[in-house]
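Subject: Handover of a structure and notes on its contents

Dear colleague,

Please find below the structure that I am handing over to you. My notes follow it, arranged by topic.

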Amino acid sequence: MTLRKFAGLGALLSIVMPSLAMAADEVAAPVLNSGDTAWMLTSTALVLFMTIPGLALFYGGMVRSKNILSVMMQCFAITGLITILWFVYGYSMAFDTTGMEAGVVNFNSFVGGLSKLFLSGVTPASITGPAALFPEAVFVTFQMTFAIITPALIVGAFAERMKFSAMLIFMAVWFTLVYAPIAHMVWGGPGSLLGDWGVLDFAGGTVVHINAGVAGLVACIVLGKRKGFPTTPMAPHNLGYTLIGAAMLWVGWFGFNAGSAAAANGTAGMAMLVTQIATAAAALGWMFAEWITHGKPSALGIASGVVAGLVAVTPAAGTVGPMGALVIGLVAGVLCFFCATSLKRKLGYDDSLDAFGVHGIGGIVGAILTGVFAAPALGGFGTVTDVAAQVWIQAKGVGFTVIYTAIVTFVILKVLDMVMGLRVTEEEEAVGLDLAQHNERGYNL
């Protein structure tokens, strides 16, 4: 009788245990969060909106009328080009963690592996995020929009003088050798070079803005000044477009910064708030600095201040509080104003649309001050306890990015110049790139 009971119990367990195991697996399995997914879908659309049409209009209004289509065309072409490169190998180079180990410096500390080529393994069922809460396909597209806008920002530095064919090849090579590795080194997770250093870059101050700003500075120096610069007037032809573009960038940047929380949570909410505060402070800082210096505030000035604030708060958005954002915005607005005007005139480089003066300088200001205001003692929400040590880490990250980007960008440009030439002819520059490169006019009157 006892044996029969044990036999019956064993049979029961044989039925129940697999069911319990399956239930445990179901509990442990990641579950997609529809709220987080909806926010990331929205953020992705907002960031793409920043490039087309936001940046296209912002830059398009600042060039002369004979070059508006060339600048807009470059933004659209870059959007298409980087989308395909990101799909083929960019995502894998930036986010494949194969071979990485926290605290160990190896080849994969600098660049990701190739297991995600052609988005291998990315399916409708793939889930990712801090707690594996939204589709990996959404993360791929979200990060793709960052990869798109970064090289598009460089366009502003060499506007009105680079051949379209050379621009396309430069952007493809630069994306491969500069953007993807820097993105991996900062955001690649444990084992990534700058990540293991402890560099704080919430949404791309280093990866996007310092990277693009420094590349733009190198590009405008290598190409040389526009014909007639600085004696010939080269005023923006349509500041209305520029203001509309700046407004689109301001709105889209909430996807850029708040979306980098990768969830619809308190961090995203605070990132949105500090983005607004810093941007407003920078806009007013630039406006009043210009007003005091030149006697009148300008529409171009306040639009540039808006972008300077957006840039500067980007690395800090996930860790600073409102007071820190206010300081970061004010400092960035004033400092970027003087760098985009006085410093540029003094050094004599022709950064056509102030890509370095706004994005490079703004990114550096934001990256360094993140180390200060991420500290809870100064109203931040980070884990910084030693401000001086974190500022040093931030400075190392800035220094590495500046040096790496400058050297590799310079080499790419010089090689392309020898192989195919970078610059349009003087005749093409005089007639305008719209006609010379695209056989179209922005305005047919």
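In which helix does Met 171 lie? The model is a predicted one, and in it Met 171 belongs to helix α5, which covers residues 164-187.

**Met 171 and its surroundings**

Is Met 171 buried or exposed? Its relative accessible area is 0%, so Met 171 is buried. Setting aside residues up to four places away in sequence, Met 171 touches Ile 78, Leu 81, Ile 82, Pro 151, Ile 154, Val 155 and Phe 158. Met 171 and Arg 423 are separated by 252 residues in sequence, while their C-alpha atoms are 15 Å apart in space.

**The nonpolar core**

The largest nonpolar core comprises 124 residues, and Tyr 59, Trp 86 and Tyr 179 have the most contacts inside it. Helix α5 gives the most to this core, with 16 residues. For Tyr 179, leaving aside neighbours within four places in sequence, the contacts are Trp 86, Gln 143, Phe 146, Ala 147, Thr 150, Trp 174, Trp 187, Val 207 and Asn 211.

**Salt bridges**

Side chains of opposite charge can pair when their charged atoms come close. How many salt bridges does the structure hold? There are eight salt bridges in the structure, and three of the pairs are described here.

One of them joins the side chains of Arg 161 and Asp 350, at 3.8 Å from N to O. This pair links distant parts of the chain, 189 residues apart: Arg 161 is in the loop between α4 (136-158) and α5, and Asp 350 is in the loop between α11 (322-347) and α12 (355-373). Both Arg 161 and Asp 350 are buried.

The side chains of Glu 426 and Lys 227 also meet in a salt bridge, at 3.7 Å from N to O. Here too, distant parts of the chain are linked: Glu 426 is in helix α14 (residues 426-431) and Lys 227 is in the loop between α7 (205-223) and α8 (239-258), 199 residues apart. Lys 227 has a relative accessibility of 47% and therefore counts as partly exposed.

In a further salt bridge, the side chains of Glu 429 and Arg 423 meet at 3.0 Å, N to O. Glu 429 is buried, because its relative accessible area is 4%, whereas Arg 423, at 26%, is partly exposed. Salt bridges with shared partners also join Arg 64, Glu 160, Arg 161, Arg 226 and Asp 350 into one network.

**Packing of α10 and α11**

At what angle do α10 and α11 pack? Helix α10 (residues 299-313) packs against α11 at an angle of about 130°, and the axes of the two helices are 8 Å apart. The two helices are therefore oblique to each other. The crossing of α10 and α11 is right-handed. On the α10 side the contact is made by Ala 308, Ala 312 and Val 313, and on the α11 side by Ile 328, Ala 332 and Cys 336.

**His 438**

Lastly, His 438 lies in helix α15, residues 433-438. Its relative accessibility is 17%, so His 438 counts as buried. Which residues does His 438 touch, not counting residues up to four places away in sequence? They are Ser 70, Met 73, Phe 164 and Leu 433.

Yours sincerely

Conventions
Residues numbered from 1 in each chain as written. Predicted model: local features only at pLDDT ≥ 70, side-chain atom pairs only at ≥ 80, totals over all residues. Heavy atoms only, no water. Helix = DSSP H or I, 4+ residues; strand = E, 2+ residues; numbered from the N terminus. Buried < 20%, exposed > 50% of the residue type's maximum accessible area, 1.4 Å probe, protein only. Contact = heavy atoms within 4.5 Å. Salt bridge = Lys/Arg side-chain N within 4 Å of Asp/Glu carboxyl O. Core = buried A, V, L, I, M, F, W, Y, C linked by side-chain atoms within 4.5 Å. Axes fitted to C-alpha atoms, helices over the stretch in contact; angles between N-to-C directions. Parallel < 35°, antiparallel > 145°, perpendicular 65-115°, else oblique. Left-handed = near helix turned anticlockwise from the far one by under 90°.
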